[in-house]
Amino acid sequence: FHVYLLERRGHGRTPDTEGPLTFEQSAQDTINFLEDIVGGPARLIGYSDGSIVGLMVAQLRPDLAPRVICAAGVYNLDGWMPGVIDTEQEAPAFMADSYGEISPDGRDHYAVVVKKLYTMHQEGPTLTEDDLRTIKPRVMVLVGDDDEVKFEHTVSFYCALPKGELAVIPGTSHGVLVEKSELCNRIMIDFMINEPIE
């Protein structure tokens, strides 16, 4: 694979912009990136918020996302466990330090991004099972068995997708991709390369 790492607005080395952050905006930014930088379709892997973005790209532009992995994410904000997005929390200092090391906006701007993300999580995503039924590409839903996503939500996510696949990684939390990276990588590469058994 040729791997591209797209950093969303206000993340990594990409500066924040004026106004709110939204899932819809991130999906359109990803579509623009695929068209302008990649030059066509790509297999997408999204983690947490990124999984929502990948799912929206698959919905809006299936021609650009033939296979999508949604890791540790939801299709509707009701899918988060109680307390995950209910209250605005101050981010730990080490996260602000990490942000400040590479962000062109500097460490102090991290608090602004955290507030924008809190608002974004209160407003979305708002996809429904009917929306999922319209998604044409293959989509793998991958979660930890002790994730911050309600398990019933994960099951409804998988069941509503016409070409859905499900991977539940035992003994992991919302940090599933880091906690059992070797196992997750094997599963994700298999999904990216091989066809499902029907």
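**Cut-offs and conclusions in a predicted model**

Modeller: Cysteine 70 counts as buried, at 1% relative accessibility. Keep in mind that this is a predicted model.

Biologist: What makes cysteine 70 buried?

Modeller: Buried means under 20% relative accessible area. Cysteine 70 has 1%, so it counts as buried.

Biologist: And cysteine 159, buried or exposed?

Modeller: Exposed. The cut-off is over 50%. Cysteine 159 has 54% relative accessibility, so it passes.

Biologist: How many disulfides does the structure hold?

Modeller: Zero. A disulfide needs two cysteine sulfur atoms within 2.5 Å.

Biologist: Why is cysteine 70 not in a bond?

Modeller: Its closest cysteine sulfur is in cysteine 184, 14 Å away. Set that against 2.5 Å, and the pair is too far for a bond.

Biologist: What rules out cysteine 159?

Modeller: The closest cysteine sulfur to that of cysteine 159 is in cysteine 70. The distance is 15 Å, so it is also too far for a bond.

Biologist: Now the interior. Which residues touch the most other members of the largest nonpolar core?

Modeller: Leu55, Leu132, Phe157 and Leu161, in a core of 39 residues. At least two residues each come from α1 (23-38), α2 (49-60), β2 (67-71), α3 (93-102), α4 (110-123), β3 (138-144) and α6 (151-160). Helix α2 gives the largest share of this core, six residues. Another core, of twelve residues, lies apart from it and includes Ile69, Ala167, Ile169 and Phe191.

Biologist: Why would nonpolar side chains collect like this?

Modeller: In soluble globular proteins they tend to be buried together.

Biologist: Phenylalanine 157: buried or exposed?

Modeller: Buried. Its relative accessible area is 1%, against a cut-off of under 20%.

Biologist: What does phenylalanine 157 touch, leaving out residues up to four places away in sequence?

Modeller: Leu55, Cys70, Gly73, Val74, Tyr75, Leu132 and Val141.

Biologist: How many aromatic pairs are there?

Modeller: Three. One of them joins tyrosine 4 and phenylalanine 33.

Biologist: Why is the pair of tyrosine 4 and phenylalanine 33 called edge-to-face?

Modeller: Two tests. Centres must lie within 6.5 Å, and planes must be over 60 degrees apart. Here the centres are 6.0 Å apart and the planes stand at 80°, so the pair is edge-to-face. Tyrosine 4 is in the segment before α1 and phenylalanine 33 in helix α1, so distant parts of the chain, 29 residues apart, are linked.

Biologist: What makes tyrosine 4 partly exposed?

Modeller: Its relative accessible area is 38%. Partly exposed falls between the 20% and 50% cut-offs, so the label fits tyrosine 4.

Biologist: How do you classify the pair of tyrosine 75 and phenylalanine 157?

Modeller: By the same two tests. The ring centres are 5.4 Å apart and the planes are at 70°, so this pair is edge-to-face. Tyrosine 75 sits in the loop between β2 and α3, and phenylalanine 157 in helix α6; the pair therefore ties together parts 82 residues apart in sequence. Tyrosine 75 is buried, because its relative accessible area is 6%.

Biologist: How do you know that β3 is largely enclosed by the rest of the structure?

Modeller: Seven of its seven residues are buried, so the conclusion follows. Both faces are covered. Arg138, Met140, Leu142 and Gly144 are buried on one side, and Val139, Val141 and Val143 on the other.

Biologist: What makes β2 and β3 a pair?

Modeller: Pairing takes at least two bridges. β2 and β3 have five, in the parallel sense, so they qualify. Cysteine 70 stands opposite valine 141 in β3.

Biologist: And how many bridges join β3 and β4?

Modeller: Six, again in the parallel sense; β4 covers residues 164-169. Valine 141 stands opposite leucine 166 in β4.

Biologist: Last residue, threonine 14. Why is it called partly exposed?

Modeller: Its relative accessibility is 25%, between the 20% and 50% cut-offs, so that is the label. Threonine 14 is in the segment before α1.

Biologist: What does threonine 14 touch, not counting residues up to four places away in sequence?

Modeller: Glu7, Arg8, Arg9 and Pro104. Proline 104 is 90 residues away in sequence but 7.1 Å away in space, C-alpha to C-alpha.

Biologist: How far is the backbone oxygen of glutamate 7 from a polar atom of the threonine 14 side chain?

Modeller: 3.2 Å. The limit for a polar contact is 3.5 Å, so the distance falls within it.

Notes: Residues numbered from 1 in each chain as written. Heavy atoms only, no water. Buried < 20%, exposed > 50% of the residue type's maximum accessible area, 1.4 Å probe, protein only. Core = buried A, V, L, I, M, F, W, Y, C linked by side-chain atoms within 4.5 Å. Helix = DSSP H or I, 4+ residues; strand = E, 2+ residues; numbered from the N terminus. Contact = heavy atoms within 4.5 Å. Polar contact = N/O pair within 3.5 Å; in protein donor to acceptor, adjacent residues only side chain to side chain. Phe/Tyr/Trp six-rings, centres within 6.5 Å; stacked < 30°, edge-to-face > 60°.
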